[in-house]
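Reader: I have just opened this structure and would like some guidance. Could we go through the pockets, the core and a few of the residues?
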Amino acid sequence: MFFEPGFLGTKALMYMDIVTLYFAILPFLLGFSIHQAIRGNIKLHYQSQFAILAITIIMVLIFEIGVRLTGGFVEYAKESPLSYDFLLLFLLIHIFIALMAVGGWIYLIISTYKSYQNGILEKSDKHRKMGRWIFGALTLTSIMGCSIYLFLF
């Protein structure tokens, strides 16, 4: 099923279309979660952040396994009209931003949960500031990931 032709009308396989569609809606899912925090629904904010992170990690795993099983980045890049050097540089920047964003996201969720467990959770400017940076980096990563899809397919 995952290695059949996709549904977005490109040469990409099903797994690639599913992952790309998820990352296209990721900023909106994050926005919903953040909106819950702004409204004071902290429990739903935390639950949704944790669920979105878990789904994101699953999507990345599906993507990585799929790419490895279908020839890797080099094989996909051969079909692109763009230069390999450009694609590789763009991919490396994308991966760097994604690793920093997800690392920060995991840190923020764990540190906030530990604060909650210790009874010292309060509205924190540090949490908001870090959350804004993570949201921006994840949104940029989503845009870059969708762009790579368009570059390749």
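Author: Certainly. Please keep in mind that this is a predicted model. A starting point is the lining of the largest pocket, whose residues divide into 18 nonpolar, ten polar and six charged.

Reader: What is the volume of the largest pocket?
Author: The volume is about 1100 Å³.

Reader: And which lining residues lie nearest its centre?
Author: Of the 34 residues that line the largest pocket, Ala37, His45, Thr112, His127 and Arg128 lie nearest the centre.

Reader: Which helices supply at least two residues of that lining?
Author: There are four to name: helix H1 (14-38), helix H2 (42-69), helix H4 (84-117) and helix H5 (125-152).

Reader: Let us turn to the second largest pocket. How much space lies in it?
Author: About 760 Å³. Its lining has 28 residues, and Val60, Phe63, Glu64, His94 and Ile95 are the ones nearest the centre.

Reader: Which elements give two or more residues to this lining?
Author: H1, H2, helix H3 (72-78), H4 and H5 do so. The largest share, eight residues, is from H5.

Reader: How does this lining divide into nonpolar, polar and charged residues?
Author: For the second largest pocket, 20 of the lining residues are nonpolar, six are polar and two are charged.

Reader: Now a change of topic: how many residues has the largest nonpolar core?
Author: That core has 31 residues. Met16, Tyr76, Trp105, Leu152 and Phe153 are those with the most contacts inside it. H1, H2, H3, H4 and H5 each give two or more residues to the core, and H4 gives the most, with eight residues.

Reader: You mentioned Tyr76. What does it touch?
Author: Leaving aside residues up to four places away in sequence, Tyr76 touches Leu13, Tyr15, Met16, Val67, Thr70, Leu152 and Phe153.

Reader: Is Tyr76 buried or exposed?
Author: Tyr76 is buried, and Phe153 is buried as well.

Reader: How many aromatic pairs does the structure hold?
Author: The structure holds ten aromatic pairs. One of them is formed by Tyr22 and Phe23, with ring centres 5.2 Å apart and planes at 80°, so this pair is edge-to-face.

Reader: Why does Tyr22 count as buried?
Author: Buried means under 20% relative accessible area. Tyr22 has 7% relative accessibility, so it counts as buried. Phe23 also counts as buried, because its relative accessibility is 16%.

Reader: Back to Tyr76 and Phe153: how far apart are their ring centres?
Author: The ring centres of Tyr76 and Phe153 are 5.3 Å apart, and the planes lie at 80°, so the pair is edge-to-face. Tyr76 is in helix H3 and Phe153 is in the segment after H5, so the pair ties together parts that are 77 residues apart in sequence.

Reader: Which residues form an aromatic cluster?
Author: One aromatic cluster is formed by Tyr46, Phe50 and Tyr113.

Reader: One last residue, Ser33. Where is its place?
Author: Ser33 is in helix H1. Its relative accessible area is 0%, so Ser33 is buried.

Reader: What does Ser33 touch?
Author: Not counting residues up to four places away in sequence, Ser33 touches His45, Ser48, Gln49 and Ile52. You have met His45 already, among the residues nearest the centre of the largest pocket.

Conventions:
Residues numbered from 1 in each chain as written. Predicted model: local features only at pLDDT ≥ 70, side-chain atom pairs only at ≥ 80, totals over all residues. Heavy atoms only, no water. 1 Å grid on protein atoms, 1.4 Å probe; cavity = no way out; pocket = protein on both sides within 12 Å on 5 of 7 lines; lining within 4 Å. Points joined across faces, edges and corners; volume = space filled by probe spheres on them. Nonpolar A, V, L, I, M, F, W, Y, C, P; charged D, E, K, R; others polar. Core = buried A, V, L, I, M, F, W, Y, C linked by side-chain atoms within 4.5 Å. Buried < 20%, exposed > 50% of the residue type's maximum accessible area, 1.4 Å probe, protein only. Contact = heavy atoms within 4.5 Å. Phe/Tyr/Trp six-rings, centres within 6.5 Å; stacked < 30°, edge-to-face > 60°.
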